[in-house]
Amino acid sequence: MRSQSMMWIAVCGLAGLLGAGLIAGCPAPEAPSDNDADIPDVVDAENFVLDSAQTRTVEDDLTIRSSGIVMIDGDLVVEENRGQSITIEAEGDIVVSGRIVAGNANPEAAPTAKSLRSQTTVSRIGGTIVLESKTGSIILMDTAEIRAGDGADGALNSDGMTGGAGGRGGDVIFTAPNGSLTLPNARGVIHLGNGGRGANVTLDETSIDPATLPEVFENTGGRSGVPIIDVAIIEGIEPETITLEEELIDVRNQRVGEAGDEITTFNLALDPNPFTGGVGGDAGNL
């Protein structure tokens with residue numbers, strides 16, 4: 001994995017993006033060139049700004065860490081699907097009006113030295129998108145597209161009977177414990193990864209020894225991706241307080257609370273519904 005400390009557009013970039021002349025002496029941002037289209041796997045920046053004229057290609061799992069703000073007006077996208085995840089961590093606000101697209105799972109993609117980590121650990125799992133603001137807020141404009149990756153369909157082992165589970169879809173995670181989340185007033189702009197379909201198992205009853213059959217067939221469909229939201233406020237949605245009747249563990253296997261705890265929830269039955277996808281995969285046939 002490469003790590004590169006970068007200043008991307010930083011303060012002068014913000015001035016160019018928001019309007020020339022806001023900060024004296026700052027040049028206008030340069031247009032992207034062909035030789036800087038790929039983004040390093042780890043980016044450390046004071047402020048990370050991707051303007052509307054720019055596209056950055058994600059080759060492997062990507063982490064952007066900003067000590068200030070993050071603004072994504074352009075495209076931050078996967079070109080070759082290998083289940084790549086995208087994580088953006090900022091001390092301040094994260095504002096997205098462009099596209100953030102993680103990788104669909106593709107177990108058939110040939111691994112390279114650069115992609116080996118993703119290829120071996122999440123080969124059938126769709127890429128997850130994480131937006132985390134430590135002290136600020138997360139703002140998704142109506143033009144934004146946040147797209148987690150879909151899981152891959154299952155494949156049987158060489159015996160033709162075991163394995164075959166579909167891969168799970170990628171999640172979309174918003175974390176702003178000291179700030180708010182603004183969801184777009186638009187339909188279907190946040191894609192939760194769909195689960196992959198389980199593989200079909202074909203048995204020849206005339207030649208199969210029942211003693212060799214597995215106790216449980218594993219060709220289940222993959223679970224869908226889910227939205228995971230940990231914020232102080234969701235703009236426009238009144239929080240609800242509920243009392244847990246039993247211990248609650250989330251999809252990340254993290255403990256939310258135990259019986260008797262009061263937790264804050266948000267009703268995401270919105271119109272227009274900004275979420276799309278999130279469909280679990282069908283189990284394979286026997």
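How much space lies in the largest pocket? About 600 Å³. This is a predicted model, where local features need pLDDT of at least 70, side-chain atom pairs count only at pLDDT 80 or more, and totals for chains, interfaces and linings use all residues. Residues are numbered from 1 along each chain as its sequence is written, and side-chain values use heavy atoms, with hydrogens and water left out.

Let's start with the overall build. The protein has two helices and 21 strands (DSSP runs numbered from the N terminus: H or I of at least four residues for helices, E of at least two for strands). Of its 286 residues, 42% are buried, meaning under 20% relative accessible area with a 1.4 Å probe and protein chains only. Take the contacts (heavy atoms within 4.5 Å) between residues at least 6 apart in sequence: 68% of them join residues at least 24 apart.

Back to that pocket. A pocket here is an open set of points on a 1 Å grid over the protein atoms alone, where a 1.4 Å probe fits, with protein on both sides within 12 Å along at least five of seven lines; lining residues have an atom within 4 Å of a point. The volume is the space filled by probe spheres set on the points, which are joined across faces, edges and corners. There are 22 lining residues, and I228, I229, D250, V256 and T264 lie nearest the centre. Strands 16 (227–234), 18 (248–249), 19 (255–257) and 20 (262–265) each give two or more residues to the lining, and strand 16 gives the most, with six.

Just along the chain, P272 sits in the loop between strand 20 and strand 21 (275–277). The peptide bond leading into P272 from D271 is cis, with omega near 5°.

Now for the inside. The largest nonpolar core (buried Ala, Val, Leu, Ile, Met, Phe, Trp, Tyr and Cys residues joined through side-chain atoms within 4.5 Å) has 40 residues, and L76, I88 and L131 touch the most other members. Strand 14 (residues 172–182) supplies the largest share of this core, four residues. Beyond its neighbours within four places in sequence, L131 contacts residues including I88, I94, I173 and F174.

E89 is in strand 8 (residues 86–90). Is E89 buried or partly exposed? E89 counts as partly exposed because its relative accessibility is 22%, and that class runs between under 20% for buried and over 50% for exposed. Leaving out neighbours within four places, E89 is in contact with I64, R65, S66, E132 and K134.
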